[in-house]
Amino acid sequence: MDAMEHRDAGEVLRQIDSTLSEIERTLDQMLALAELSASDLNLDRAALQKTLERLGQKIDRLADGLPSP
């Protein structure tokens with residue numbers, strides 16, 4: 001592997017790491033919303049569900065943007 005390929009591979013790995021970190025943050029948000037929904041608080045669960053769906057779509061977009069092997 002020459003220096004250019006090595007640098008390109010490093011950039012791909014940084015992109016993957018960044019995307020996976022964003023997915024992890026989004027999953028953490030989804031978990032917090034699910035825990036909130038399961039609480040005894042009087043909440044608009046339909047709105048929470050829409051937010052969960054939006055966050056799921058965000059994860060799909062992020063995953064679709066990952067480079068192919």
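**Close-up views of a two-helix chain**

**View 1. Leu 55 sits in helix H2.** Helices here are DSSP runs of H or I with at least four residues, and strands are E runs of at least two, both numbered from the N terminus. This is a predicted model, in which local features need pLDDT of at least 70 and side-chain atom pairs count only at pLDDT 80 or more, while totals for chains, interfaces and linings use all residues. Residues are numbered from 1 along each chain as its sequence is written, and side-chain values use heavy atoms, with hydrogens and water left out. Leu 55 is buried, at a relative accessible area of 4%. Buried means under 20% relative accessible area, exposed over 50%, and partly exposed in between, with a 1.4 Å probe and protein chains only. Leu 55 touches Thr 26, Gln 29, Met 30 and Leu 33, leaving out residues up to four places away in sequence. Contact here means heavy atoms within 4.5 Å. Ile 23 is 32 residues from Leu 55 in sequence, yet their C-alpha atoms are 9.4 Å apart in space.

**View 2. Seven residues build the largest nonpolar core.** They are Ile 23, Met 30, Leu 33, Leu 48, Leu 52, Leu 55 and Ile 59. Such a core is a set of buried Ala, Val, Leu, Ile, Met, Phe, Trp, Tyr and Cys residues, joined through side-chain atoms within 4.5 Å. Helix H1 (3-38) and helix H2 (45-64) each supply at least two of the core residues. H2 gives the most, with four. Leu 48 touches Leu 33, Leu 36, Ser 37 and Leu 43, again not counting residues up to four places away in sequence.

**View 3. H2 has a buried face.** The helix has 20 residues and reaches 28 Å from first C-alpha to last. That is close to the 28 Å expected at 1.5 Å a residue, the expected span being 1.5 Å times one less than the number of residues. Its buried residues are Leu 48, Leu 52, Leu 55 and Ile 59. Seen down the axis of H2, they fall within an arc of 65°, so they line one face of the helix. The arc is that of the directions from the helix axis to the C-beta atoms. An α-helix has 3.6 residues a turn, so residues three or four places apart point the same way. On the other side of H2, Lys 50, Arg 61 and Asp 64 are exposed.

**View 4. Asp 44 reaches in at the start of H2.** One of its side-chain oxygens comes to within 3.2 Å of the backbone nitrogen of Ala 46. Glu 53 is also shown, within H2. Glu 53 is partly exposed, with a relative accessible area of 45%. Its C-alpha is 9.2 Å from that of Met 30, though the two are 23 residues apart in sequence.

**View 5. Two threonines of H1 are buried: Thr 19 and Thr 26.** Thr 26 has a relative accessible area of 0%. A polar atom of the Thr 26 side chain lies 2.9 Å from the backbone oxygen of Glu 22. Beyond four places in sequence, Thr 26 touches Leu 55, Lys 58 and Ile 59. Thr 19 has a relative accessible area of 12%. Leaving aside neighbours within four places, Thr 19 is in contact with Leu 62 and Leu 66.

**View 6. The whole chain has two helices and zero strands.** Of its 69 residues, 14% count as buried. Among contacts with a separation of 6 or more, 62% join residues 24 or more positions apart. The chain exposes about 5,400 Å², and carbon and sulfur atoms supply 55% of it. These areas come from the Shrake-Rupley method with a 1.4 Å probe; for residues, only the protein chains shown count as cover.

Definitions and conventions. A polar contact is a pair of N or O atoms within 3.5 Å; within protein, one must be able to donate a hydrogen and the other to accept it, and residues adjacent in sequence count only if both atoms are side-chain atoms.
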